[in-house]
Structures are given as C-alpha cells and as structure tokens.
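Visitor: Could you take me through one part of this protein at close range? I would like to start from a single residue and work outwards.

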Amino acid sequence: MFVTGHGPFPSYLIRFNLRTHDNCSCGEKEDPIHYATKCPFTLSWHFQTPTVSLKLQWLKNILTNNFSRTRLQLLMRFICDENNLIVEDNN
C-alpha cells in the first residue's frame, strides 16, 4: 500500500470521490511519503526525507531492510487504525 499509494491515503481516496480533499490534519497535502517523513502525527515512525532523484532507491532500501520494513508496517498499521485522527475531514 505504501509504495503504490493505494489504501487509506486521501490522495488515493479523492480519486474515487471518497474524500473531498487530500489534506492531512496537520494542514499539508498528504501522500505516503508525507506520513513517513514529515507528518507530526507519525513522528515515531519517520524516515529521513529522500531527495527527488533518489526516491526510488530510498523505497528500495526501506523494503530490503528488515528494520525499516518493520517500521513501515507499524506506520501503516497506525495510519489504518487512527485514520480519523490524521485525515482532516471538511464535511
């Protein structure tokens, strides 16, 4: 889900009119990288922000490293379980 961007992310759900916007509760436009690197609600699971040119290598390194993969799984579990806290709803 993280790599493809499919799942509980407003940036994905907005495509199907399941969300009215793609903002995180912290006010920034959200996507999976936002949650993994910048969002104050997911601070416990942050990774170092990748440069645009090295984003693919960054993802590959996370997926091949057992410790990073475990952190990523915990991040995704938090996002799924606490989605109502981190996704701003303007309805």
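Guide: Here is a walk outwards from Ser68, through its helix, to the whole protein. This is a predicted model, in which local features need pLDDT of at least 70 and side-chain atom pairs count only at pLDDT 80 or more, while totals for chains, interfaces and linings use all residues. Residues are numbered from 1 along each chain as its sequence is written, and side-chain values use heavy atoms, with hydrogens and water left out.

Ser68 lies in helix H4, residues 66–81 (helices are DSSP runs of H or I, at least four residues, numbered from the N terminus). Its relative accessibility is 13%, so Ser68 counts as buried (buried means under 20% relative accessible area and exposed over 50%, with a 1.4 Å probe and protein chains only). Beyond its neighbours within four places in sequence, Ser68 touches Phe47 and Ile62 (contact means heavy atoms within 4.5 Å).

Ser68 has company in H4: Arg71, Leu72, Leu75, Met76 and Ile79 are buried too. These residues sit on the same side of H4, because they cover an arc of only 140° around the axis (taken from the directions from the helix axis to the C-beta atoms). Asn66, Phe67, Arg77 and Asp81 are exposed on the other side.

At the start of H4, a side-chain oxygen of Asn65 comes within 2.9 Å of the backbone nitrogen of Phe67.

Stepping back, the protein has 5 helices and 0 strands, and buried residues make up 40% of its 91 residues.

Note on methods. Helices (H or I, at least four residues) and strands (E, at least two) are DSSP runs, numbered from the N terminus. A polar contact is a pair of N or O atoms within 3.5 Å; within protein, one must be able to donate a hydrogen and the other to accept it, and residues adjacent in sequence count only if both atoms are side-chain atoms.
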